[in-house]
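Q: I have a model open and would like to go through its contacts and fold with you. Can we take it step by step?

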Amino acid sequence: MNNIDEPRLFEEDGIEGRVATLVSPLLQPLSYRLIRVKLSGLNGLTLQIMAERTDGTMTIEDCEIISRTISPFLDVQNVIERKYHLEISSPGIDRPLVRKSDFFKWQGHIVKIETSVVINGRQKFRGILTNITQNSFTLNIDKASHGEITDVLIPFADVTNARLVLTDELIRDALKKDKNLRQQLVPEDNLSTLIEKTNC
């Protein structure tokens, strides 16, 4: 599934939320999807906009296109009154999972999940992503303690944060997916580039 109109499972609030609302409609006509907006104190003040194409790819050229598209618009809207640095990036291999299609795509890999409610005595989980439906998924808890429930059912509606955990298996799978998308082998010396996020 790579529907460009597929909504995100959770959204930002405050200034980040306003930026997301303004930026997302600008990205869609260019065949990009918004992943995340994050405002941080890096380099004084940095606005990070994480995005990708619907097929999951993202290049330096894509970052430059997005930057040229949204930077003047954000300046006119004056969403952030202070001087800030705009950073456009790809999700990277250990990416956030923000849409249901992300969960389906990366089923079988280890993820970290945070929830808005307590489930089986906790709100933070780490485990293998399995049994995904339109309403929920199951986590096979990684390194579960003796007597602890190993399979936890988590509704999508309760998830506040989700991301992949970088493992050898994930790197191999990501490289395989990239190869299939680009119809060519990825050189070994490009592995570090794939592991790190693409930043402009």
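Q: Before anything else, which charged end sits over the ring of Trp106?
A: Keeping in mind that this is a predicted model, the residue is Lys177, whose charged end sits over the Trp106 ring at 4.7 Å from the ring centre.

Q: And ring against ring, how many aromatic pairs are there?
A: The count comes to 3 aromatic pairs. One of them joins Phe103 and Phe137, with 5.0 Å from centre to centre and 35° between the planes, and this pair is tilted. The pair links distant parts of the chain, since Phe103 belongs to helix α3 (residues 100–105) and Phe137 to strand β6 (residues 136–141), 34 residues apart.

Q: Why is the pair of Phe103 and Phe156 called edge-to-face?
A: The planes of the two rings stand at 85°, with the centres 5.0 Å apart, and because planes over 60 degrees apart count as edge-to-face, the pair of Phe103 and Phe156 falls into that class. Here too distant parts of the chain are linked, with Phe156 in the loop between β7 (151–155) and β8 (159–164), 53 residues from Phe103 in helix α3.

Q: Are those rings buried or exposed?
A: Phe103 and Phe137 are both buried, and Phe156 is buried as well. Together, Phe103, Phe137 and Phe156 form one aromatic cluster.

Q: Switching to the fold, what does the secondary structure come to?
A: The protein has 5 helices and 8 strands, and along the sequence they follow the pattern α-β-β-α-β-α-β-β-β-β-β-α-α.

Q: What is the strand order in the open sheet of 3 strands?
A: The order is β1-β2-β3, with mixed pairing. Strands β1 (32–40) and β3 (85–89) stand at the edges with a single partner strand each, so one side of each has no neighbour in the sheet. Ignoring direction, neighbouring strands of this sheet are turned by 20° against each other on average.

Q: How many bridges join β1 to β2?
A: There are 8 bridges, and β1 and β2 (residues 46–53) run antiparallel; Leu34, for example, has Ala51 in β2 as its bridge partner.

Q: Which helices pack on or lie across these strands?
A: Helix α1 (residues 14–27) packs on the sheet, touching β1 and β2, and its direction makes about 155° with that of β1. Helix α2 (residues 60–77) lies across β1, β2 and β3, running at about 145° to β3.

Q: Last thing, what share of the residues counts as buried?
A: Of the 200 residues, 40% count as buried, while the accessible surface comes to about 11100 Å², with 48% of it belonging to carbon and sulfur atoms.

How values were computed
Residues are numbered from 1 along each chain as its sequence is written. This is a predicted model: local features need pLDDT of at least 70, side-chain atom pairs count only at pLDDT 80 or more; totals for chains, interfaces and linings use all residues. Side-chain values use heavy atoms; hydrogens and water are left out. Rings of Phe, Tyr and Trp (its six-membered ring) pair if their centres lie within 6.5 Å; planes under 30 degrees apart count as stacked, over 60 as edge-to-face and the rest as tilted. Helices (H or I, at least four residues) and strands (E, at least two) are DSSP runs, numbered from the N terminus. Buried means under 20% relative accessible area, exposed over 50%, partly exposed in between (1.4 Å probe, protein chains only). A charge sits over a ring if NZ of Lys or CZ of Arg is within 6 Å of the ring centre and within 35 degrees of the ring normal. Accessible areas come from the Shrake-Rupley method with a 1.4 Å probe; for residues, only the protein chains shown count as cover. Two strands pair if DSSP finds at least two bridges between them. Axes are lines fitted to C-alpha atoms, for helices over the stretch in contact, and angles run from 0 to 180 degrees between N-to-C directions. Contact means heavy atoms within 4.5 Å.
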